[in-house]
Every structure is written in structure tokens, then in C-alpha cells.
Protein chains: 2
Amino acid sequence: MSQLKGACIIGQSGGPTSVINASAYGAIKTALGEDCITRVLGACNGIKGVLDDNLIDMGKEDPQELAYMQYTPSSALGSCRYKLKDPDEDDTDYQRILEIFKKYGVRYFFYNGGNDSMDTCNKISKFMLKNGYECRVMGIPKTIDNDLAGTDHCPGFASAAKYIATSCMEVYHDARVYDTGMVTIIECMGRHAGWLTAASALASYKGCGPDLIYLPEVDFDMDQFLAKVKAIYEKEKKCIVCVSEGIHDKDGTFIAEYANKNMTKDSFGHAQLGGLAAYLASEVKKAINAKVRGIELSLLQRCAAHCASQTDIDESYAAGEAAVKNAVAGITDRMVGYERVMQDGKYTCQIKLFPLDIVANTEKKVPREWINAAGDGIEPAFIDYALPLIQGQTKLPMEDGLPRFVHLKKVKA
Amino acid sequence: MSQLKGACIIGQSGGPTSVINASAYGAIKTALGEDCITRVLGACNGIKGVLDDNLIDMGKEDPQELAYMQYTPSSALGSCRYKLKDPDEDDTDYQRILEIFKKYGVRYFFYNGGNDSMDTCNKISKFMLKNGYECRVMGIPKTIDNDLAGTDHCPGFASAAKYIATSCMEVYHDARVYDTGMVTIIECMGRHAGWLTAASALASYKGCGPDLIYLPEVDFDMDQFLAKVKAIYEKEKKCIVCVSEGIHDKDGTFIAEYANKNMTKDSFGHAQLGGLAAYLASEVKKAINAKVRGIELSLLQRCAAHCASQTDIDESYAAGEAAVKNAVAGITDRMVGYERVMQDGKYTCQIKLFPLDIVANTEKKVPREWINAAGDGIEPAFIDYALPLIQGQTKLPMEDGLPRFVHLKKVKA
């Protein structure tokens with residue numbers, strides 16, 4: 001195992017989570033402590049920061065200030081959604097990346113993101129290898145969507161899940177305040193995988209959650225949905241429904257598109273107005289004439305750091321740390337992931353490395369057997385899976401009664 | 001000061017807050033400890049519970065379980081929006097209330113709610129007095145809207161304010177993750193008073209809040225709004241706007257109605273689809289073709305007990321406690337409120353009693369001088385006012401990583 005001396009670059013990519021910065025902090029802090037890593041550089045806005053030579057010197061940050069990163073939502077270094085081309089078709093970007101790596105003597109590259117970021121990681125890794133430039137490339141996962149292959153779960157999912165379950169419990173109480181009828185539709189993120197929406201079942205497990213839960217893993221039938229809501233409403237006078245933004249009919253058409261399709265008749269260009277929750281609320285209102293409210297959890301679910309899971313923060317930090325430790329130890333071309341190991345019936349999480357090419361561009365969905373037969377509820381197996389992940393309250397420091405988030409100096413390299 | 005022996009009734013009314021149960025718990029716990037209060041009854045769904053003889057015996061609840069009330073959002077006893085008639089026109093309801101009071105030997109009546117509830121309190125108090133039935137009637141305020149006259153602030157406001165400010169800080173980070181442009185419109189509750197929306201300025205005070213804030217206290221001008229957003233967006237590539245649901249034009253028409261008006265052309269009955277945030281987002285998109293997102297904080301802002309202010313919880317408890325203590329001491333026909341007393345530059349909150357009739361049916365608005373001249377921002381005086389109120393994190397107990405809310409047995413009286 002060779003000792004490789006050089007600078008490292010850490011970049012963040014894709015949509016925000018509450019804990020992506022905990023992973024970045026884990027990597028940065030560990031890298032700053034490694035003798036063979038001569039300089040720790042942050043890429044501003046992910047790979048775009050590398051291409052644009054827009055790098056910051058993480059060693060110039062105050063170490064105490066840097067520690068606030070682990071509690072700060074969104075990507076402190078900035079993110080991007082830039083997709084690298086296939087290097088066999090156009091290797092311009094890769095040549096530029098190699099040029100920057102050479103300029104700064106970069107021998108370690110850590111990339112913190114979702115599926116696309118693992119794809120970026122994979123392509124860079126293979127290109128460097130092919131061109132004989134020694135560089136250890138490690139992917140550090142993140143995604144609230146929890147849809148990365150291989151790993152037991154993804155950093156970021158648990159905090160979003162905890163926020164969703166908590167909010168559903170609170171809305172449950174709110175929606176029951178009057179003795180009059182009320183139907184509430186809550187919309188969660190998740191275009192293709194329903195993990196986040198399934199997290200609302202944690203609220204039901206605590207006795208105050210949705211009556212019906214719809215994921216993109218099962219075709220959505222509007223008539224069945226309306227009949228179910230009606231039946232529950234007539235019996236209980238209350239009905240709470242949780243839906244993934246990505247629910248679709250048997251032909252694969254997103255239900256959210258129904259709203260937009262109908263909306264095109266409006267001459268005021270309001271096609272984008274109603275979200276899925278609002279659309280379903282209006283359909284329920286037409287069908288059963290109940291008081292209905294649609295709630296879209298929107299960006300809040302992916303950035304509510306004040307409600308993050310400390311387990312998620314700790315594990316995210318560990319993922320960043322492990323990426324650096326393993327790279328220094330000679331490993332490359334891998335994504336850090338988690339393996340669930342039950343010890344005496346108790347959950348523990350161990351780091352496991354996965355080949356980048358099996359992770360990139362695949363989506364892990366909620367197993368069909370974790371969804372009930374009718375496709376409108378969640379089985380206990382999911383609760384067993386998710387519950388250990390949401391344990392512990394964030395240690396986010398407060399100042400003036402509000403979160404104290406990180407302020408980076410961002411000194412240019 | 002006569003010692004009056006008898007039962008008491010505690011009822012809750014109006015929309016939920018995160019801490020209305022803290023007040024109810026303060027009243028219930030204190031009443032259970034008073035010798036002259038022979039029985040503590042809870043009215044199910046407010047005054048409707050009295051009219052329907054639907055009362056529960058709070059003494060039958062487990063005291064330890066009852067303590068969870070102070071951290072549980074929404075009204076644990078159930079609420080209503082029932083408005084009593086003018087007793088000079090129709091005193092049927094009042095006769096019925098008197099009948100129930102006599103049936104249970106009720107000599108104390110505590111009503112926990114907003115403007116309308118203080119009106120109910122006032123009418124009942126005056127009716128009992130007129131009919132020679134000795135009963136001490138006390139109002140315990142609550143409203144996230146913070147619009148009750150007399151009191152320095154209202155129980156429930158601070159917790160909603162803390163949630164709004166926290167969420168705005170988090171969305172600020174989320175909205176800045178990419179280096180591409182983005183406009184975010186956040187909609188807060190508040191039909192006539194802008195206190196909640198003003199709370200978003202606490203996020204700006206911490207350096208990560210909205211650029212523009214619009215309250216119902218100032219007429220809203222769409223052209224000026226669009227021009228301001230455009231100017232900020234062109235300079236910063238980001239713009240965050242916070243608006244009250246009740247913003248209106250100079251003719252008094254709610255801006256939210258613009259959306260609905262335009263929507264009536266749609267043949268699918270979608271008039272209710274778009275909220276204000278979605279409507280403003282679509283107007284901004286048309287005007288400057290930026291990526292825009294509308295976020296409605298919806299019910300979450302009034303029930304997010306996990307983000308409640310412990311100051312608010314403590315003060316709300318104190319309000320309930322003071323209602324009982326004062327009634328037992330011989331006082332009646334008052335609402336408990338707060339007086340702000342600065343001691344050595346430090347905020348303290350003292351209980352003060354207000355006549356019910358000056359509180360009922362008036363609305364306290366944000367002072368014009370706390371809003372900037374242009375009507376799109378908040379002055380430091382509001383920060384000084386609001387900051388002490390949001391201090392301290394809720395001591396909400398957690399179980400399985402999720403809030404542990406109260407479970408009442410609700411034994412019928």
C-alpha cells in the first residue's frame with residue numbers, strides 16, 4: 001500500500017439535504033489531519049468549481065467555525081447539477097479536470113452527492129486511471145431520496161424522514177382540533193422512489209399519522225383513492241393522506257400532470273400553480289364535498305436541519321471520514337456506504353465500500369412487500385428499517401433562539 | 001375576598017397553536033391543587049361541550065400523562081368556532097350554559113382562545129352577573145396571530161414565529177445551493193395582522209432571511225413588487241420574499257383573490273388550487289422568467305410543537321395558572337395577559353389582567369413604524385420586540401426519536 005502525497009479536492013453536488021455538510025465536514029476535518037494530504041481544497045459548486053478553477057482553501061477556515069458545518073443544511077461549498085459527457089465522445093471536461101489536478105497537485109478527489117455524482121466520480125476515476133494519473137477517487141453518498149444502490153440507507157434520508165414523521169404527527173393533532181370533518185393531503189418529495197413518503201408511516205406507528213399512504217412504487221388509481229377517502233371520512237370525519245410527488249397511473253402518467261393538463265385551459269398561464277396535494281384536495285372536494293387541505297412539504301423536508309436525526313449526522317460524518325481514511329490507505333474508485341449489522345437485536349451501522357460503477361445510475365425502490373397489498377399503506381418491515389435511523393436530536397447549536405449555521409470565509413486557493 | 005367553593009370548567013376554542021395546551025395544563029394543574037375547586041372539568045370542543053353536556057373529568061387523568069399536555073400542539077380538549085348570539089336577542093344558549101353550570105355546581109369558568117373566545121367569555125360573564133349566578137369567568141389568551149388588544153404579546157405567537165424564522169433560515173440555505181438563479185416566495189398566515197410574516201425578519205437579522213417582506217398592514221402593489229424582485233434578482237441571482245396570506249391592494253382586495261378570480265375561467269373547478277405563494281410565483285415567472293418556487297407554510301407554522309419556544313411554553317403555562325389563582329382570589333371578568341418589564345435591559349414578562357370587553361373583538365396590528373417606509377421590510381424595533389419571546393428550545397420529550405404527545409383518557413363527567 002503506497003503512501004501517496006498530494007492535495008485533495010472535496011466537492012458537493014446535487015440537491016440539498018440537512019446533513020450533506022456533516023459528510024463534507026467529516027472529510028475535510030479528517031483530510032486536514034492527514035500528513036500525506038498536503039492541502040485541502042473545496043470545489044465551489046461541485047465539479048463546476050474544478051472546471052472553473054474556483055477552489056477554496058479549507059485550511060484557512062477557523063477550525064471551530066468549520067465544526068458548525070455538520071449542523072448546517074444545504075451544501076456549504078455550493079452544489080451543481082452538471083453532468084459530465086461520456087469521455088469517449090468528448091473528453092474536454094476531463095482534460096480540464098486533469099489540468100487542474102496537476103496544477104494543484106491533487107491526488108485525492110472526494111465527491112459528495114447522489115446518483116449523478118457517483119456517475120461523475122466513476123467517470124473521473126476511470127479517466128485518471130486510463131491516463132496514468134494517480135489519483136484516489138471516493139464517492140460520499142447523500143440523498144434524501146434514499147435511492148442509491150448497495151448501501152443500506154443514504155445519508156440525509158433519516159433527517160428528512162424524521163421531519164416528515166414529526167410534521168405528520170403535528171398535522172394529525174391540528175387536523176383533529178374541531179369536531180367538524182376534514183381531509184388533509186400531504187405531499188412529500190420522491191419522483192421514482194417512495195422512501196420519504198413511507199416515512200409518514202412512522203407517525204402512524206406512533207398512533208397519529210396518515211390513514212392512507214401512496215408511493216410511486218404502486219400504480220395510483222384515482223377512483224379507488226376517492227372511494228377509500230370517502231369510506232374513512234364517513235366513518236371518522238377525518239382522513240389524512242400522504243402522497244409521493246411521483247405517484248402515477250397505470251400508464252405511467254404522473255398524477256401531478258393531470259392537474260397541469262387540466263390547467264392548460266386557463267388563459268393566464270397558471271399551469272404551474274397547483275401542486276399534487278392541491279390537485280388531489282380539489283378532486284376530493286368535488287367527490288365528497290368535505291373541507292380539504294393540501295399541504296406540500298416542499299423544500300422544508302430537505303433542509304429542516306433543526307429537526308435532523310443525530311444518528312444521521314453522526315453516520316454522515318463517519319462516511320466523510322471513512323472516504324478519506326480509506327483513500328489514504330490506498331483504496332480508490334469506491335463509494336462509501338453503510339451496512340446494517342444487528343448486534344443482540346440492536347442496530348449498528350458499519351461502513352462498507354461499493355464499486356462506483358454499480359452505484360451510479362441505478363435507483364433503489366421501496367420493496368413491494370413493504371407496501372400493503374392494496375398499495376395504500378406501509379408494512380411493519382419498513383418501520384423496523386427506518387426507526388433506528390431517526391434516533392437522536394441534532395446537537396445544532398442555537399444563538400438568539402435560532403440555529404447557528406456555519407459562515408465560511410471561502411479564501412480562494 | 002370571598003372563598004367560593006365549586007367545580008370549574010376549562011374549555012379551548014379557535015384555531016390551534018403549539019402551546020394552547022400549555023395554558024390549559026397550567027389552569028388544570030393549578031385548579032386540581034386548589035381546595036375550593038371541588039372538581040376540574042374539561043369541555044369537549046369548547047363551549048359546544050358545555051352546551052352538549054359533553055364534559056370530561058380532568059381529575060381522572062394520570063397526573064404524569066397530563067404533564068405531556070404542555071408540549072402537545074393543537075387543543076387536547078378539542079376546539080370549536082361556535083359564536084354565541086347576542087343574549088339580548090336570543091339567550092337560549094346562555095340559559096343552557098347556566099343550566100349546566102348549576103348541574104355540576106360550576107363556579108369557575110376558564111376559556112382559552114382568541115378574540116372570539118374572549119367575546120364568548122365576556123358574554124357569559126355578563127349574563128351570569130345579570131342573572132345573579134356567582135361564577136368567576138377568566139379568559140386565557142392564545143393566538144399565533146398575536147392580534148389581541150392589551151397584552152404585550154399572545155401565547156402561541158412566539159412558537160410560530162420561531163418556526164417561521166427557523167424555516168426561513170433553512171430555506172435561505174437551500175435556495176442558495178446552486179449558482180443558478182432562483183426566486184422563492186414564502187407564504188405565512190395572517191389575514192389582517194402581519195405579526196407572523198414579520199417574524200421572518202428574525203431570519204434576516206441572523207443574516208439569512210428574506211430580502212422582501214410584505215404585511216397586510218400596508219397596501220400591496222404588484223408592479224412595485226415585481227420591480228423590486230427583478231432588481232434584487234438581477235443583482236444577486238437569488239431573491240427570497242415573505243408574504244402574509246392577507247396582503248391586499250389599495251382597494252382592499254386580497255391578492256390571493258386575484259388568483260382565484262383568474263382561476264374561475266377554468267372549467268375544472270380548480271379555483272381553490274393555487275395559494276398566494278403559488279400565484280405570486282407564477283406572476284414573478286411571467287415577469288422575469290426566473291426559476292421560482294412558492295412555499296406555503298400552511299398548518300405547519302401553527303402546530304410545529306417540536307420547534308416551540310420554551311419561553312412561550314413557560315409563559316403560556318403561567319397564563320393558565322394565573323387565571324385560576326386570580327379567580328380563586330376573587331377576581332372575575334378578566335383576561336390574563338402579559339406586560340413586558342425590562343429589568344436592567346433584560347426582558348421579563350409579568351402577568352397583567354385586562355377587562356374582557358376591551359379585549360374582545362379588536363385586532364392589534366403591527367405598528368406602521370415597525371415596517372419600513374417602502375412597506376417591504378421590517379425595522380429593528382420589531383426584532384427587539386420579538387427576539388426575547390423565541391428564546392429556549394422546547395423540552396418536548398421524545399420517544400422512538402419522535403415527539404411524545406399526550407394521550408388523555410377523557411373520562412366523561
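This is a short tour of a predicted model with chains A and B, one selection at a time.

**Stop 1: both chains**

Start with both chains in view and superpose them. Chain B drops onto chain A with an RMSD of 0.0 Å, after a turn of 180 degrees and a shift of 0.0 Å along the axis. The two copies are thus related as by a two-fold rotation axis. Now colour the contact residues: 100% of those in chain B recur in chain A, so the same surface serves both copies.

**Stop 2: helix α4 in chain A**

Select residues 92-104 of chain A, which make up helix α4. Try a ruler on the ends. At 1.5 Å a residue, 13 residues should span 18 Å, and the end C-alpha atoms are 19 Å apart, which agrees.

Which residues of α4(A) are buried? Show A:Asp93, A:Tyr94, A:Ile97, A:Leu98, A:Ile100, A:Phe101 and A:Tyr104 as sticks. They sit on the same side of α4(A), because the arc they cover around the axis is only 160 degrees. Spin to the face turned away from that buried side and you meet the exposed residues A:Thr92, A:Lys102 and A:Lys103.

Next, bring up the partners in chain A. The buried residues of α4(A) pack against strands β1 (6-12), β2 (37-43), β3 (55-57) and β4 (106-113), and also against helices α2 (47-51) and α5 (115-130). Before leaving, click on A:Gly105 just after the helix: its phi is positive, about 65 degrees.

**Stop 3: the matching helix in chain B**

Hop over to α4(B). Its 13 residues should span 18 Å at 1.5 Å a residue, and 19 Å between the end C-alpha atoms agrees with that. The buried set here is B:Asp93, B:Tyr94, B:Ile97, B:Leu98, B:Ile100, B:Phe101 and B:Tyr104. An arc of only 160 degrees around the axis holds them, which puts them on the same side of α4(B). On the face turned away from the buried side, look for the exposed residues B:Lys102 and B:Lys103. What covers the buried residues includes β1 (6-12), β2 (37-43), α2, β3 (55-57), β4 and α5 of chain B. B:Gly105 follows the helix, with a positive phi near 65 degrees.

**Stop 4: helix α5 in chain B**

Stay in chain B and select residues 115-130, helix α5. The ruler test works here too: 16 residues at 1.5 Å each should span 22 Å, and the end C-alpha atoms are 23 Å apart, which agrees.

How many of the residues of α5(B) are buried? The count is 12 of 16, so mostly covered is a fair description. Among them are B:Met118, B:Cys121, B:Ile124, B:Phe127 and B:Met128, along with B:Asp119 and B:Lys123. The cover includes α2 (47-51), α4 (92-104), β4 (106-113), β5 (136-141), β10 (334-343) and α14 (356-359) of chain B. After the helix comes B:Gly132, whose phi is positive, near 65 degrees.

**Stop 5: a buried glycine in chain A**

Return to chain A and pick A:Gly337, in strand β10 (residues 334-343). Its relative accessibility is 0%, so A:Gly337 counts as buried. Leaving out residues up to four places away in sequence, A:Gly337 touches A:Thr151, A:Gln350, A:Ile351, A:Lys352 and A:Phe354. For another distance to draw, A:Ser316 is 21 residues away along the chain, and its C-alpha atom is 9.7 Å from that of A:Gly337.

**Stop 6: positive phi outside glycine**

Find A:Asn146 in the loop between β5 (136-141) and α6 (157-175) of chain A. Its phi is near 60 degrees, a positive value in a residue other than glycine. Is A:Asn146 buried or exposed? With 0% relative accessibility, A:Asn146 counts as buried.

Then jump to B:Lys410, in the segment after β13 (402-403) of chain B. Here phi is positive, about 55 degrees, although B:Lys410 is not a glycine. B:Lys410 is partly exposed, at a relative accessible area of 35%.

**Stop 7: a loop residue and its distant partner**

Select A:Asp62, in the loop between β3 and α3 (63-66) of chain A. A:Asp62 is partly exposed, with a relative accessible area of 36%. Add A:His407: 345 residues separate the two in sequence, yet they are 9.9 Å apart, C-alpha to C-alpha.

**Last stop: the cavity**

The structure holds one cavity of 30 Å³ or more. About 90 Å³ of space lies in the largest cavity. Its lining includes A:Asp174, A:Tyr178, A:Met182, A:Lys238, A:Lys291 and A:Arg293, with B:Leu299 and B:Arg302 from chain B.

Technical notes
Residues are numbered from 1 along each chain as its sequence is written. Chains are lettered from A and ligands numbered from 1 in the order in which they are written. This is a predicted model: local features need pLDDT of at least 70, side-chain atom pairs count only at pLDDT 80 or more; totals for chains, interfaces and linings use all residues. Side-chain values use heavy atoms; hydrogens and water are left out. Copies are superposed by least squares on the C-alpha atoms of residues with pLDDT of at least 70 in both. Contact means heavy atoms within 4.5 Å. Helices (H or I, at least four residues) and strands (E, at least two) are DSSP runs, numbered from the N terminus. The expected span of a helix is 1.5 Å times one less than its number of residues. Buried means under 20% relative accessible area, exposed over 50%, partly exposed in between (1.4 Å probe, protein chains only). The arc is that of the directions from the helix axis to the C-beta atoms. On a 1 Å grid over the protein atoms alone, a cavity is a set of points where a 1.4 Å probe fits but cannot get out, and a pocket is an open set with protein on both sides within 12 Å along at least five of seven lines; lining residues have an atom within 4 Å of a point. Grid points are joined across faces, edges and corners, and a volume is the space filled by probe spheres set on the points.
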